[in-house]
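Hi,

Here is the structure I promised to send over. Have a look at it first, and my notes on the salt bridges and the surface follow below.

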Amino acid sequence: MAHWLKSQLWYNTMDRTAFNHFWKLNFGSEPDFTPNYILPDKYSIIRCLAGNVGMALLPDSLCHCAIEAGDLVQFWDGYAPMRSDLYLTYRKNSPLQDEIEAVKKVITAGEAMPRR
């Protein structure tokens, strides 16, 4: 699998942290190749890949809509799931407590933010 993946067209950003972590987690070593295309951000990768051929490592949260629309296809989850921890920090006695609670609910339940 690793050999075949290396032979594909790869898109990434300058920050290869997630890419390297995924490769090490699934294949036990750092990737020994450089992505073919380096773009400024992950949204640019989504736009470039929509309807084209290539591979990229992207978070589900960013490409969910493109996958549902059929613009992208999720190819492989990897042998080992990759996880990124996000931390929400806020003041204990914030005047925006209602908004903070709404964001906490979305994060823990995976719901969409309510529109105003």
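K104 is partly exposed, because its relative accessible area is 28%. Its salt-bridge partner is E101, and the closest N and O atoms of the two are 3.4 Å apart. E101 has a relative accessible area of 37%, so it also counts as partly exposed. Both sit in helix α5 (residues 97-109), and because they are three residues apart there, about one helical turn separates them. Bear in mind that this is a predicted model.

How many salt bridges does a search of the whole structure find? Two, and the other one joins D32 to K6, with 3.0 Å between the closest N and O atoms. Here D32 comes from the loop between α2 (17-27) and β2 (37-38) while K6 belongs to helix α1, so this pair ties together parts that are 26 residues apart in sequence. As for how open the two ends are, D32 counts as exposed because its relative accessibility is 58%. K6 is at 32%, so it counts as partly exposed.

Helix α1 (residues 2-6) also holds W4, which brings me to the surface. W4 has a relative accessibility of 39% and therefore counts as partly exposed. Together with M1, F75 and Y79, W4 makes up a nonpolar patch on the surface. The accessible area of these four residues adds up to about 460 Å².

So if you open the model, helix α1 is a good place to start: you will find W4 of the patch there, as well as K6 of the bridge to D32.

Cheers

Note on methods
Residues are numbered from 1 along each chain as its sequence is written. This is a predicted model: local features need pLDDT of at least 70, side-chain atom pairs count only at pLDDT 80 or more; totals for chains, interfaces and linings use all residues. Side-chain values use heavy atoms; hydrogens and water are left out. Patches are made of residues with over 30% relative accessible area and no salt bridge: like charges are joined within 9 Å, nonpolar side chains (Val, Leu, Ile, Met, Phe, Trp, Tyr) within 5 Å. Accessible areas come from the Shrake-Rupley method with a 1.4 Å probe; for residues, only the protein chains shown count as cover. A salt bridge is a side-chain nitrogen of Lys or Arg within 4 Å of a carboxyl oxygen of Asp or Glu. Helices (H or I, at least four residues) and strands (E, at least two) are DSSP runs, numbered from the N terminus. Buried means under 20% relative accessible area, exposed over 50%, partly exposed in between (1.4 Å probe, protein chains only).
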